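Please look through the sequence and the model shown here before reading on. The paragraphs that follow begin with the aromatic rings and then turn to the fold and its core.

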Amino acid sequence: IDWVLDWISASFIPNFREIVHPVVGFGQASDMRPQAVKDATEGLEIFSDKFLTGKFIIGNVLTIADYRFGVLCFYLSFPHIKASSGFELSHRLRSYLVDFLAATPRSSNRLNDATQLFKM
């Protein structure tokens with residue numbers, strides 16, 4: 001779990017920022033964005049192969065890593081992200097997100113409420 005949390009913070013968040021932040025109003029897209037989309041896509045594929053072999057990260061029971069990662073996947077699933085950056089969650093990550101939201105109904109309600117802040 002520590003390895004996953006470290007990877008998210010050190011390797012994935014910089015790409016996430018480049019992809020998501022301009023869409024939700026935190027700055028403008030930079031010329032680094034296409035590379036961030038490529039790096040995020042490749043990194044998430046490796047991540048999925050390594051850590052999403054069960055329903056959730058490291059198995060079939062939620063961990064703190066799922067709460068960290070699931071929220072990021074939620075924001076990456078916004079249609080405006082794909083329209084703006086070209087980034088799209090893989091089939092495996094979309095499936096993971098459905099499972100995560102189903103397993104966390106209270107969080108799901110709050111996340112869905114948060115989407116109202118970012119209506120485009």
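How many aromatic pairs does a search of the whole structure find? In this model, which is predicted rather than determined by experiment, the search finds 14 such pairs. One of them joins Tyr96 and Phe100, whose ring centres lie 6.3 Å apart and whose planes meet at 20 degrees, so this pair is stacked, given that planes under 30 degrees apart count as stacked. A pair of aromatic rings is described in general by two quantities, the distance of the centres and the angle of the planes. Tyr96 and Phe100 are both part of helix α5, which covers residues 91-103, and the four residues that separate them in sequence correspond to about one turn of the helix. Both residues are also buried, and they belong to one aromatic cluster that includes Trp3, Trp7, Phe12, Phe16 and Phe47 as well as Phe51, Phe56, Tyr67 and Phe69.

The setting for these rings is a protein with six helices and zero strands, its elements running α-α-α-α-α-α from the N terminus on. Of the 120 residues in the protein, 41% are buried, while the accessible surface comes to about 6900 Å², with 56% of that area belonging to carbon and sulfur atoms. Among the contacts with a separation of 6 or more, 71% are between residues 24 or more positions apart.

Which residues of the largest nonpolar core touch the most other members? This core has 34 residues, and those in question are Ile19, Ile57, Phe69, Leu76 and Phe87. Helices α1 (2-20), α2 (33-51), α3 (64-76) and α5 each supply at least two residues of the core, and α1 gives the most, with eight residues. Leu76 can serve as an example, since, when residues up to four places away in sequence are not counted, Leu76 touches Phe12, Phe16, Ile19, Val20, Ile81, Phe87 and Leu89. Of these partners, Phe12 and Phe16 are also members of the aromatic cluster.

A last residue to consider is Asn15, which lies in helix α1. Is Asn15 buried or exposed? Its relative accessible area is 12%, and because buried means under 20%, Asn15 is buried. Leaving aside residues up to four places away in sequence, Asn15 touches Ala36, Asp39 and Ala40.

Definitions and conventions. Residues are numbered from 1 along each chain as its sequence is written. This is a predicted model: local features need pLDDT of at least 70, side-chain atom pairs count only at pLDDT 80 or more; totals for chains, interfaces and linings use all residues. Side-chain values use heavy atoms; hydrogens and water are left out. Rings of Phe, Tyr and Trp (its six-membered ring) pair if their centres lie within 6.5 Å; planes under 30 degrees apart count as stacked, over 60 as edge-to-face and the rest as tilted. Buried means under 20% relative accessible area, exposed over 50%, partly exposed in between (1.4 Å probe, protein chains only). Contact means heavy atoms within 4.5 Å. Accessible areas come from the Shrake-Rupley method with a 1.4 Å probe; for residues, only the protein chains shown count as cover. A nonpolar core is a set of buried Ala, Val, Leu, Ile, Met, Phe, Trp, Tyr and Cys residues joined through side-chain atoms within 4.5 Å.
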